[in-house]
Each structure stands twice: as structure tokens, then as C-alpha cells.
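Subject: Handover of a structure and notes on its contents

Dear colleague,

Please find the structure below, together with its sequence. My notes follow it and are meant for a first reading.

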Amino acid sequence: MALFADLNIVNTPDTDRKRLQSLIENAAHLGYSTVAINHVAEFQGKKQEIAKPISVTELYPSPPIVQGKSKPIKILTRLTVIVSDAAHCNDLRITSPHTRSYDIVAVLPKTEKLFHVACMTLDIDLICINVIEKQPYHFRRPSVNGAIERGIYFELAYSPAIKDSTMRRYTISNALSLMQICKGKNIIMSSAAERPLELRGPYDIANLGLLFGLTEGDAKAALSTNCRAALLHGETRKTALGVIYTVKKVSATEEKDEGTPLSKRAKTKSD
Amino acid sequence: MMQNLEKCARHLLVSEKSNLRNIKSRHRKHVESHHYNYQVSILIPECGLMPPGVTAVCRTLGDYYLVKQLQLHEMLEPEFINKFVRKGFLYVLSYNTRIDQDNCIALLPTGKLILSIDKDTYEELGLEGQPSMYSHRTAVRYNVTVHLRDATFVPGDKRYNRVMWALKEKKPLTFDFLMTWHPSDGEEASLKSYFMDYECKLYQPKLSTRILNNIDCPVLLSKELKGKDDESCSSQEFLEWLGAVSSDIDCNNQADNFLSTYCCPWPSTVLDKACLCTVSGFIIPEGINLIMDQLRLYFEEPKLAQWVSMTVHGFADSPVSWGESEHGYHKGGENLYNFVLFRNQDYWLHMAVGTHSGCPP
């Protein structure tokens, strides 16, 4: 298994910095090695605003140490676009330079047609499963299989299930209907936490995965291996599919660009 | 789908009984093959004071070192190998690394260096290894074994150069290491003086003793491992009871809102006193064998107690458990064994592992 990651820590405009910091500190305390700060973009009322992601170095001069390890936590940025109309997908394509500044890009499709588009053509890393209301459409095998083939992952958030019993019902029923189609492949579980107390430890969430119909191994992979694969997918989307150039700055003498072995895993199918 | 929820994760418990005087008894071997031990707890019933012999051994279990930010290739230097690895038993384990998340390193006293590393590191190192037995769908963890004690493993040898190059230039790995060394002959060399350049701290195992009063205790018959109806308890029931005792859970149940359904296995007697002694640290098997010898001596004189028990817990994050069998962490990485020594030199041995571990010998 790889490092544990929680790819969804919600950053709403009214979230102050202190709350975000305490959320991340709590995640580090619980044993997550990677967190992603999520920016949600909703196109309702044409308030299109895919802003620059929060600056991680500004938020934390030195990130907190992960519990039980000697390494600091890794903080990433993520963009979630709520797509309720086909026109919004165009925005997603046009805003390519915007999305580029984010490590992970996710969409939440509202209709079956948009779900299919998201699975088959959109250049994204994650597809969110709606957990706060009844799934308005059925998951279809061709679109889900297409997404799995392309290395796109499905995300289930668990903190709405902690807050409210109706949402708990929707979370479990939507998760189960997805599991029937995808057979436990390409699933990521994340928190979508707004408050520190809504976070849970990774091993607890692996247990919750059993309730969603995952097997023991799948449930743990949903927090570790799959997250790693999604991050790598995001990396290839951000730069290029085949080659990644990194520039090492060693004093003034310029070192030659190095093709890291990451490039070999460009298409995260095998991960 | 729902049967998944009712299923329990895999776990194993091996129980056997034998006699300490038996020539073929393998109790010493079992102790020696469990290399990394974190905690030893000893329970002596009907005893208000720890026997001085046992306490003395527990106090001199041997110090261990924590070396910080040590480069892995330092352990491959010929000087280090000649000074420590070949001349004694060196136990090394990486500290603060999780076996299911990070790279973990262990050096066995047999001179085997085991690297349990993730996919990225494995591919960058370019050393030959096997995928871990407990990976899911695709392999994300690999085990690399290097024999340091091999006569041919010297500078100039092709394999040596390859390993050295990989760890020195290709992918330098640094870890915090727990180390302890048990010299095989009287030669003196100190790990501390060898690692002068690094931050190296000396630790001693922590000893704590607790006296328990008036506890219920199951009746054991050394010949009956499975227990006899209304005469003795089975070894599994005993092990469960032992866990409750060492975590300070009493079984005086009261029928109120916080009902505990745990009760002492039947038949039971009431112990006036019992002595529970816990030693925790990086403990080597040689030390545990010494403790065991002292516990054997306990029954030289007539005593009130019928048996004494010793439980040894291994590290949850060590790459190996018994011998060289791979060890993993699913939802708990427990690996432990327990000896119950009886007055007539019979003993019971329990060996238990969690989900991701090979079967104990």
C-alpha cells in the first residue's frame, strides 16, 4: 500500500485560514500523509470564478508533521466543478490554463449525459459521486468502464454521512449502486470535511468502505493506492502525457533536464 | 455483499505444549527466530514481589541505540560489516516508518538486509526483489534481500558494487535506525563510537511493575491444552484472560447501563496477589532467553504458583515476523507469542499473528 491521502478538504470562500490550518493539523494527526484543499466552482448564476488556488507556502511556512512519522504532510490543491449543463464543460476546456494551476481536477456531473461525457472525454482526474441527494440517474456500465479504462477515479465523500442521517442513507445507497457496476475498482474515499471533527482516521474509513460494498483490500486501496494513481494522473494532465521535465537549480550552473521515471507511468492504467 | 461485513479479517493462533526438559523442545529456537521484540510482560501469580533474579535480568537486557538520519549505504561499508555484522548479532530496524506506507529496513542477525520498499523506490533503485505477498491487485510494495555476510559480498564484487552504487548514487535513502548489537565473542566495539558523526542516542528498556490484588484466575492443567469441562480452561480462554489482566480490565460485572459481558473463564480461583512486570524497548531474543531461564529457576524452590506466564510482543511495523517470513500491516500488525511455564517444566506456547503475516513455525 502506498501513503494515505485525503484528497478533499473543503475550502469555501468563507473558510478562514485558521480553520483550514486546524483541519490540516488534524489530518496530519490522524495519519494522512497527503491532503488536497478543494475549491468548489459552481456555475450557477454565471458566477464563473476559477480563482488561483490557495498558496500552500503562504498557508504554512512549515507543514505539520504526520503522526508516527518524521515527515511533514504534503498539501495539494484541487478544483471541483459542479457541472449541471453541457455548456459548463466547455468552460472546463477553455479554462485549461486555469485548471492547470491545480494539482487535481474533479467534476460533479448532474445528469446522465454529462456523466457519460465526463467519463469518456473530459480531461479530468476524478468524478465525484453525489452523496447529499438521491442519485437522479443510473450508472451505466459503458461509461463507468470507459472511465476505469482511462484511469479516472470515482470519489465518495463520507463527512455528509456523519452530519445527517438522510445524507447517510443517500451516501450508502449511491455508493452501493456504483459498486454494482464498477466492482470496487477505481474508488477513492475522501472526507469533504469542513470542520476538524469531521475527519476520521484512515483505518476507520477503510472499515466504512466495507459498508459501501468494497472488499477489505479494495477499501484500503481506496485511501492509498488509488489516491496515488489519481495524483499521478493529475500530474500527467498538468504537464504532458509522455515526458515530464523538471529543472534542477544547482547554483548558477544549469543541470540538464531530467526525465523522471514518473513519465513511464503516464497513463495510470497500470497503477 | 453483506457477508463481507460479518466476515472477520484473517488471524492465526498456533498453540502447542511440550516440556522444557524435552531434548527436541524448540522453545529456544522459537524465541530466537522472533527477531524484533517490543515488549515483554511477565505475570507471576501468588507473588507480591518480583523475584530478584528476574528483575536483575530485566534491568540488564541490553541498551539500544537510536541513530538519526543514517544513510543506508553506511551499513554496507566493509568496515561496518567486518566490525559488527560478522562478529556478533546485529539487530537493526528503521524507526518511525510504517510497513504499509513507507520504506522499511531491517537487518537480521544472520546478516540479511531486508528492504521493504514501495514501487517508486524499487524502480529507482534497480535492485532485484520480489513483489510483496500482500499487495492488492497490482504490486505496490517489493522486498529486496541483500546477504551482507556472504563471503563474496566484498568491494570489487559485481553484486556489491551494484548495491553500493544503487544506495549511494542512484537513490540515497536515509532513516532513523534502532540498533543493538550482541557480540558473539568478547571483542569490544561500540556502536556509539562507530557512529560518531551521527546523532546517536542510548536508550534502556523501560521496566514497570504492578501488583494486582484479588483477581479471578482460570484454572489450568498442563496436560489439557483444550481444557476439560468443569476442570480446567482452554489455552485460548487463558490467552484472552491474560490480555484483560494486562490491560487492567476487571471482570466484576454489574448489571447497569454500562454492562460488560466479559467474565473470567470457568473454573476459576481467586488470586490473592499477582505480579505483573512489563519491559518495553528494543529487546533482543538473547535477552528473552535469559528471562526464560530465570523463570525456570523460579520453580526450583516450592512455590504457591502453579504457573508463570511470559508474553512477548513484536513490532507491528517490522518487515519480518517469525524467521524470515514476511510481515505486513492490514488493520493491525500484531505478532506475539506467549509462554506458560508450569511447575513440572511443561510449557504451553502460543504464537499469534494478524491478517498480513505468514504462519508461525
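Helices, of at least four residues, and strands, of at least two, are DSSP runs numbered from the N terminus. Please keep in mind throughout that this is a predicted model.

With that numbering, I begin with a position in chain A. Asn186(A) sits in the loop that connects helix H8 (165-182) with strand S7 (187-190) of chain A. Its phi is near 50°, a positive value in a residue that is not glycine. Is Asn186(A) buried or exposed? Since buried means under 20% relative accessible area, Asn186(A) counts as buried because its relative accessibility is 12%.

Chain B offers a counterpart. Asp230(B), which is likewise not a glycine, has a positive phi of about 65°. Asp230(B) belongs to the loop between strand S11 (206-218) and helix H8 (235-246) of chain B. At 65% relative accessibility, Asp230(B) counts as exposed.

The remaining notes concern chain B, starting with its overall form. Chain B contains nine helices and 15 strands. Its C-alpha trace spans about 70 × 60 × 40 Å along the principal axes. How does the radius of gyration of chain B agree with that of a compact globule, and what is its value? For 361 residues a compact globule would have a radius of gyration near 21 Å, and the 22 Å of chain B agrees with this. Of the 361 residues in chain B, 52% are buried. The accessible surface of chain B comes to about 17300 Å², and carbon and sulfur atoms account for 50% of that surface. Among contacts in chain B between residues at least 6 apart in sequence, 76% join residues that are at least 24 apart. Chain B has 37 positive and 44 negative charges, whose mean positions are 4 Å apart.

I turn next to the sheet. Which strands of chain B form it, and in what order? Eight strands make up an open sheet in chain B, ordered S7-S8-S6-S5-S4-S9-S3-S10, with antiparallel pairing. Strand S7 (130-131) and strand S10 (200-203) of chain B each have a single partner strand, so one side of each is left without a neighbour in the sheet. At the S10(B) edge, four bridges join S10(B) to strand S3 (residues 64-71) of chain B, and the two run antiparallel. In this pair, Leu66(B) stands opposite Lys201(B).

Within the sheet, strand S6 (residues 112-118) of chain B deserves a closer reading. S6(B) pairs with strand S5 (residues 104-107) of chain B in the antiparallel sense over four bridges. These two strands form a hairpin with four residues between them, and Gly111(B) in the turn has a positive phi of about 90°. S6(B) also pairs in the antiparallel sense with strand S8 (residues 141-147) of chain B, over seven bridges. Ser116(B) can be followed across both pairings: Cys104(B) stands opposite Ser116(B), and Ser116(B) stands opposite Asn143(B) in S8(B).

The burial of S6(B) completes the picture, as seven of its seven residues are buried. In a regular strand, side chains alternate between the two faces of the sheet. On one side of S6(B), Lys112(B), Ile114(B), Ser116(B) and Asp118(B) are buried, and on the other side Leu113(B), Leu115(B) and Ile117(B) are buried, leaving both faces covered.

With kind regards

Terms used
Residues numbered from 1 in each chain as written. Chains lettered and ligands numbered in written order. Predicted model: local features only at pLDDT ≥ 70, side-chain atom pairs only at ≥ 80, totals over all residues. Heavy atoms only, no water. Buried < 20%, exposed > 50% of the residue type's maximum accessible area, 1.4 Å probe, protein only. Rg over C-alpha atoms; globule rule 2.2 N^0.38 Å. Contact = heavy atoms within 4.5 Å. Areas by Shrake-Rupley, 256 points an atom, 1.4 Å probe, with all protein chains shown as cover. Lys, Arg positive; Asp, Glu negative; His and termini not counted. Charge placed at Lys NZ, Arg CZ, Asp CG, Glu CD. Pairing = 2+ DSSP bridges.
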